[in-house]
Amino acid sequence: MDVEHYLDKGRQENEDILDKSAFKVSQILRIFVEGIDKTKFVYMYILLYNQMGQGPDGDENMRHWLNTYNTHLEFCPADELLNKMPEIIGYLESFL
């Protein structure tokens, strides 16, 4: 087999991992958004988890934050995942 075959196989494995990760995040957050950038969605989850997802109420805290109007962002993050993901990520990164 040639190198291109292995590269294609690796790309497909990476896509499969990303698909599974994004699906798991959507289950945890109880949200599904058609057409979302899966890489950014998983990254947003990592940021949320690092800030509020640990502990017995972590999943609930993340879901609450996502589904509540945010006065700093001036919108509810769950309503704007497709349109304003960079702003959401930037806001969450500002706490790092």
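**Pocket lining, salt bridge and surface patch**

The lining of the largest pocket divides into six nonpolar, two polar and two charged residues. The model is predicted, so that local features need pLDDT of at least 70 and side-chain atom pairs count only at pLDDT 80 or more, while totals for chains, interfaces and linings use all residues. Residues are numbered from 1 along each chain as its sequence is written, and side-chain values use heavy atoms, with hydrogens and water left out.

The largest pocket has a volume of about 170 Å³. Its lining is made up of Asp19, Ala22, Phe23, Ser26, Phe32, Val33, Gly35, Ile36, Lys38 and Phe41. Helices H1 (3-29) and H2 each supply at least two of these residues, and H1 gives the largest share, four residues.

Which residues form a salt bridge? A search of the whole structure finds one such contact (a side-chain nitrogen of Lys or Arg within 4 Å of a carboxyl oxygen of Asp or Glu). Lysine 38 pairs with aspartate 19, the closest N and O atoms being 2.6 Å apart. The pair links distant parts of the chain, with lysine 38 in helix H2 and aspartate 19 in helix H1, 19 residues apart. Lysine 38 is partly exposed (between 20% and 50% relative accessible area, 1.4 Å probe, protein chains only) at 34%, and aspartate 19 is also partly exposed, at 31%.

Elsewhere, Tyr43, Ile46 and Leu96 form a nonpolar patch on the surface, with about 300 Å² of accessible area together. Tyrosine 43 lies in helix H2 (residues 38-53) and is partly exposed, with a relative accessible area of 31%.

Definitions and conventions
Patches are made of residues with over 30% relative accessible area and no salt bridge: like charges are joined within 9 Å, nonpolar side chains (Val, Leu, Ile, Met, Phe, Trp, Tyr) within 5 Å. Accessible areas come from the Shrake-Rupley method with a 1.4 Å probe; for residues, only the protein chains shown count as cover. Helices (H or I, at least four residues) and strands (E, at least two) are DSSP runs, numbered from the N terminus. On a 1 Å grid over the protein atoms alone, a cavity is a set of points where a 1.4 Å probe fits but cannot get out, and a pocket is an open set with protein on both sides within 12 Å along at least five of seven lines; lining residues have an atom within 4 Å of a point. Grid points are joined across faces, edges and corners, and a volume is the space filled by probe spheres set on the points. Ala, Val, Leu, Ile, Met, Phe, Trp, Tyr, Cys and Pro count as nonpolar, Asp, Glu, Lys and Arg as charged, and the others, Gly among them, as polar.
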